[in-house]
Amino acid sequence: MIDTHAHLFWNDFEKDLPEVLQRAKDAGVSRVITVALDRETGQRCLEIADAHSDMVAATMGVHPSEASNVTEDDLLWIEAQAGDPRIIAIGEIGLDYYRGETNQSEQETLLERTLELARQLALPAIIHHRKAGKRTLEIVRQSGVSCGVFHCFSEGIEFAREVLNLGFHISFTGNITYKKSSLPEVVAFIPLERLMLETDAPFMAPAPHRGKRCEPAMVREIAEKIAEIKNVNFNTVARVTTETAIELFSL
Ligand SMILES: [Zn+2]
Ligand SMILES: [Zn+2]
């Protein structure tokens, strides 16, 4: 399995990252993509990927929550680093209207600029779309970028159809295992070949670990849930999602 989205630079992993990665390996995880949120964490992603090059790959990008903090200097640095052959994707980028839409235009400008970076470098884009699905999709469509993933997918079937038509993949976190989640019907709708696994660690721990620190080993529970929903065996989910991730991210 491949955990296509984790934040290994988070403080939570400072003390025991080698053990965390070993547990992931023991659970059947061959690769973890550590996803940047801004300049500083992008630098950390590269350091972690270097220190654990057998297992970890890095991205470069700016999370929409950082739209008001990121400086022009940071953006120029990120754009320069993104061409490094160790960088396998641009992300995470996107829109996040969870806290209202106060800096909506800043977020949109940032998304357009980072999508342009993905387009120029022909790298897949890792798209965050919390409470902003429709607008995110519009901007992605206008950008001409047609390769990437809508991560931590949280929308319905109609939206999923549009994302797939655009050529993008979809990944789900532990939220599909939560009791009241309506996401299983969306999982059922999406062809297995267009799905990928992710934890978004240290957040979004799947049931029965909900509320605890999430780590890449828990991608197993997410794969098990997908297998249950789609009524296929676990090994099929593990194999197919791994092949998809290897191809999308050129791992
Ligand atoms: Zn995200
Ligand atoms: Zn994330």
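**Strands, core and loops of the predicted model**

All of strand β4 is enclosed: 10 of its 10 residues are buried, so the strand is largely surrounded by the rest of the structure. The model described here is predicted. Strand β4 covers residues 87–96 and gives 6 residues to the largest nonpolar core, the most of any contributor. That core has 79 residues. Within the core, the residues with the most contacts are Ile90, Ala125, Val149, Ile170 and Ala223. In soluble globular proteins, nonpolar side chains tend to be buried together.

The surroundings of Ile90 can be listed in detail. When neighbours within four places in sequence are left aside, Ile90 is in contact with Thr59, Met60, Gly61, Ala82, Thr114, Leu117, Ala118, Leu123 and Ala125. Ala125 is thus a contact of Ile90, and both residues are among those with the most contacts inside the core.

The strands are arranged in one open sheet of 8 strands, in the order β1-β2-β3-β4-β5-β6-β7-β8, with parallel pairing. Strands β1 (2–6) and β8 (195–197) stand at the edges; each has a single partner strand, so one side of each lacks a neighbour in the sheet. From one strand to the next, the twist averages 30 degrees. Strands of a sheet pair through backbone hydrogen bonds, either parallel or antiparallel.

Several individual pairings were examined. Strands β1 and β2 run parallel and are joined by 3 bridges; Ile2 has Arg31 in β2 as its bridge partner. Strand β2 is covered on both faces, with Arg31 and Ile33 buried on one side and Val32 and Thr34 buried on the other. Strands β3 and β4 also run parallel, with 2 bridges between them, and Ala58 stands opposite Ile87 in β4. Between β4 and strand β5 (residues 125–130) there are 5 bridges, and these two strands run parallel as well. Among the bridge partners in β5 are Ile127, which is paired with Ile93, and Arg130, which is paired with Asp96.

Helices were considered next. Helix α2 (residues 39–51) lies across β2 (31–34) and β3 (56–60), and runs at about 160 degrees to β3. Two packed helices are described by the angle between their axes and the distance between the axes. For helix α4 (residues 104–121) and helix α5 (residues 133–143), the axes come within 10 Å and cross at roughly 35 degrees. This crossing of α4 and α5 is right-handed. On the α4 side, the contact is made by Glu108, Leu111, Glu112, Leu115, Glu116 and Arg119, which meet Ile139, Val140 and Ser143 in α5. By type, the residues of this contact divide into 4 nonpolar, 1 polar and 4 charged.

The loops hold further features. His151 is located in the loop between β6 (148–150) and α6 (157–165). A residue counts as buried if 20 or more other C-beta atoms lie within 10 Å of its own. His151 has 25 such atoms within 10 Å and is therefore buried. Not counting residues up to four places away in sequence, His151 touches His5, Glu92, Ile126, Ile127, His128, Ser171 and Glu198. His151 and Ala201 lie 50 residues apart in sequence, and their C-alpha atoms are 13 Å apart in space.

Ala201 also takes part in an unusual backbone feature of the model. Most residues other than glycine have a negative phi, and most peptide bonds are trans. A cis peptide bond joins Ala201 to Pro202, with omega about 10 degrees, and a cis peptide bond joins Ala207 to Pro208, with omega about 5 degrees. Pro202 is in the loop between β8 and α8 (219–230), and Pro208 is found in the loop between β8 and α8 too.

The loop between β8 and α8 also contains Asp200 and Met204. Asp200 is a residue other than glycine with a positive phi, near 60 degrees. The phi of Met204 is likewise positive and near 60 degrees. Asp200 is buried because 23 other C-beta atoms lie within 10 Å. Met204 is buried because 22 other C-beta atoms lie within 10 Å.

How values were computed. Residues are numbered from 1 along each chain as its sequence is written. Chains are lettered from A and ligands numbered from 1 in the order in which they are written. This is a predicted model: local features need pLDDT of at least 70, side-chain atom pairs count only at pLDDT 80 or more; totals for chains, interfaces and linings use all residues. Axes are lines fitted to C-alpha atoms, for helices over the stretch in contact, and angles run from 0 to 180 degrees between N-to-C directions. Helices (H or I, at least four residues) and strands (E, at least two) are DSSP runs, numbered from the N terminus. A crossing is left-handed if the near helix is turned anticlockwise from the far one by less than a right angle, and right-handed if clockwise. Two residues are in contact if their C-beta atoms, placed from the backbone, lie within 7 Å. Ala, Val, Leu, Ile, Met, Phe, Trp, Tyr, Cys and Pro count as nonpolar, Asp, Glu, Lys and Arg as charged, and the others, Gly among them, as polar. A nonpolar core is a set of buried Ala, Val, Leu, Ile, Met, Phe, Trp, Tyr and Cys residues joined through C-beta atoms within 7 Å. A residue is buried if 20 or more other C-beta atoms lie within 10 Å of its own, exposed if 12 or fewer, and partly exposed in between; C-beta atoms are placed from the backbone. Two strands pair if DSSP finds at least two bridges between them.
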